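Me: I would like to learn how to read a two-chain model. Can you take me through it feature by feature?

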Number of protein chains: 2
Amino acid sequence: MRRLIRYARRMSAPQLVLFAGGATGRWRVVRIDAVRGAGLAAVERLEMVEGDHAAVPSSSVWVLRGTTSHERYVTQSERAALEERQERLGRTGATRAALIPIRKSSPWWDLAQDQRREIFEGRSRHIATGLEYLPAVARRLHHARELGEPFDFLTWFEYAPEHVAAFDDLVGRLRASEEWNYVEREVDIRLAR
Amino acid sequence: MRRLIRYARRMSAPQLVLFAGGATGRWRVVRIDAVRGAGLAAVERLEMVEGDHAAVPSSSVWVLRGTTSHERYVTQSERAALEERQERLGRTGATRAALIPIRKSSPWWDLAQDQRREIFEGRSRHIATGLEYLPAVARRLHHARELGEPFDFLTWFEYAPEHVAAFDDLVGRLRASEEWNYVEREVDIRLAR
């Protein structure tokens with residue numbers, strides 16, 4: 001049954017997702033850290049809204065937009081390994097979340113596909129590292145670069161309170177990788193519900 | 001000098017480009033063919049407008065939106081070969097153009113990156129075929145899938161009248177490739193100025 005649902009999700013067209021920070025929203029903001037470059041204004045709550053006709057709370061202080069999309073680097077065998085272990089969003093026990101918007105530099109985007117893949121996985125082990133934290137950490141990537149947004153990617157993570165330290169470990173390892181030399185702006189937003 | 005200009009263009013962020021069909025515009029519509037799936041309404045003129053604050057003619061019958069973006073399949077060595085030969089848009093003698101919007105099927109987007117690359121170039125020779133028609137045919141690709149548009153890609157081509165037959169040959173070869181099994185909608189708009 002779970003496999004069927006995953007397949008249905010992958011078949012669908014890109015979905016617009018809005019992340020609105022402000023006075024209302026299902027998620028309480030625990031902290032917002034400006035990891036690199038400019039941060040985002042402090043807010044108390046965050047709402048995630050899906051769909052083309054999504055409306056954000058009128059009290060929003062900032063709204064970040066992204067779309068789900070097809071995978072850009074994952075190979076067939078890597079996908080099989082991911083699908084074997086990854087979990088869906090919205091699990092009952094996953095009461096902690098993180099939204100990590102990043103923007104990569106022009107030198108990254110000027111690399112050819114094979115050069116980006118080599119840094120992303122060949123040398124930085126982005127996929128292999130993430131795999132170690134499955135199924136504890138559920139994840140959904142949103143693309144924002146083509147929408148004219150201030151960030152290129154908005155990655156959303158959900159996990160249980162007992163996996164907070166593991167999640168910190170995951171983001172720490174990625175930030176120490178060669179790929180992160182190309183990250184010119186990063187904000188780390190931690191949430192709880 | 002030309003190399004410098006190309007480099008500057010590649011460094012830039014994605015640029016929004018609008019294609020507006022209607023009663024006005026710099027390009028005269030020679031014909032609109034529905035190659036696969038639904039076509040587009042007949043119009044007399046087409047305007048291409050660049051930039052985030054672009055305004056389209058108020059008389060527009062349809063408007064297609066896309067953004068320039070980084071390359072998704074081209075390797076470093078392929079890019080070097082392309083940059084050696086490709087020409088810029090707007091050449092004085094290039095008084096013929098084509099706008100070819102396509103949408104690919106769910107099975108295409110559900111393939112992993114290595115599978116898409118293998119079909120795109122390994123078996124369909126998309127890049128190698130295009131290279132044969134340089135520098136006669138100048139080309140710019142616009143991505144539209146993440147914008148919620150009816151097409152995934154809008155490709156714009158410019159060439160001189162003496163290269164019309166060569167361009168027909170190019171599109172014919174691509175349409176006969178395995179990659180085109182995954183094209184579920186295609187419109188071919190030919191233009192002159």
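Reply: Start with one cut-off. A residue is called buried when its relative accessible area is under 20%, and exposed when that area is over 50%. In between, the residue is partly exposed. Keep in mind that this is a predicted model.

Me: Which of Arg72(B) and Glu146(A) are buried?

Reply: Both of them are buried. They also form a salt bridge, with the closest N and O atoms 3.3 Å apart. This pair crosses between chains. Arg72(B) sits in the loop between strand 4 (62-67) and helix 2 of chain B. Glu146(A) sits in the loop between strand 6 (138-143) and strand 7 (153-159) of chain A.

Me: How many salt bridges are there between chain A and chain B?

Reply: The count is two. Over all chains, the whole structure has 36.

Me: Next, the symmetry. By what turn and shift can chain A be laid on chain B?

Reply: A turn of 180° does it, with a shift of 0.0 Å along the axis. The RMSD is 0.0 Å. That is the relation of a two-fold axis. The same surface serves both copies, since 100% of the contact residues of chain A recur in chain B.

Me: How is the size of an interface usually stated?

Reply: It is often given as the accessible area lost when the parts come together. Here the area buried between chain A and chain B is about 2,500 Å². Carbon and sulfur atoms give 45% of that area. In chain A, the residues that lose the most area to chain B are His70(A), Asp110(A) and Glu146(A). Together they make up 27% of what that side buries. You have met Glu146(A) already, in the salt bridge with Arg72(B).

Me: How many residues and polar contacts does the interface have?

Reply: In contact are 27 residues of chain A and 27 residues of chain B. Across the interface, 14 residue pairs are in polar contact. On the side of chain A that touches chain B, helix 1 (2-11), helix 2 (76-85), helix 3 (106-109) and helix 4 (113-123) each supply at least two residues. Helix 4 of chain A has the largest share, four residues. By type, that side of chain A divides into nine nonpolar, nine polar and nine charged residues.

Me: Helix 4 deserves a closer look. What should I know about helices in general?

Reply: An α-helix has 3.6 residues a turn, so residues three or four places apart point the same way. Now take helix 4 (residues 113-123) of chain B. Its buried residues are Gln113(B), Gln115(B), Arg116(B), Ile119(B), Phe120(B) and Glu121(B).

Me: What do the buried residues of helix 4 of chain B pack against?

Reply: Elements of both chains. From chain A come helix 2 and helix 4. From chain B come helix 2 (76-85), helix 3 (106-109) and helix 5 (126-131).

Me: Back to salt bridges, now inside one chain. Which parts does the pair Glu50(B) and Arg140(B) tie together?

Reply: Glu50(B) lies in strand 3 (residues 45-50) and Arg140(B) in strand 6 (residues 138-143) of chain B, so the pair ties together parts 90 residues apart in sequence. The closest N and O atoms are 2.9 Å apart. Glu50(B) is partly exposed at 39% relative accessible area, whereas Arg140(B) is buried at 15%.

Me: What does the salt bridge between Arg65(B) and Glu149(B) join?

Reply: The closest N and O atoms of this pair are 3.0 Å apart. Arg65(B) is in strand 4 and Glu149(B) in the loop between strand 6 and strand 7 (153-159) of chain B, so the parts tied together are 84 residues apart in sequence. Arg65(B) counts as partly exposed at 29%. Glu149(B) counts as buried at 18%. Leaving aside neighbours within four places in sequence, Glu149(B) is in contact with Val63(B), Leu64(B), Arg65(B) and Ala144(B).

Me: Last, the backbone. What is the general rule?

Reply: Most residues other than glycine have a negative phi, and most peptide bonds are trans. Arg125(B) has a positive phi of about 55°. It follows helix 4 of chain B and is partly exposed at 44%. In chain A, the phi of Arg125(A) is near 55°.

Me: Where is there a cis peptide bond?

Reply: One joins Leu134(A) and Pro135(A), with omega about 0°. Another joins Leu134(B) and Pro135(B), also with omega about 0°. Pro135(B) is in the loop between helix 5 and strand 6 of chain B.

Notes:
Residues numbered from 1 in each chain as written. Chains lettered and ligands numbered in written order. Predicted model: local features only at pLDDT ≥ 70, side-chain atom pairs only at ≥ 80, totals over all residues. Heavy atoms only, no water. Least-squares fit on C-alpha atoms with pLDDT ≥ 70 in both. Contact = heavy atoms within 4.5 Å. Buried area = accessible area lost by both parts, 1.4 Å probe. Salt bridge = Lys/Arg side-chain N within 4 Å of Asp/Glu carboxyl O. Polar contact = N/O pair within 3.5 Å; in protein donor to acceptor, adjacent residues only side chain to side chain. Nonpolar A, V, L, I, M, F, W, Y, C, P; charged D, E, K, R; others polar. Buried < 20%, exposed > 50% of the residue type's maximum accessible area, 1.4 Å probe, protein only.
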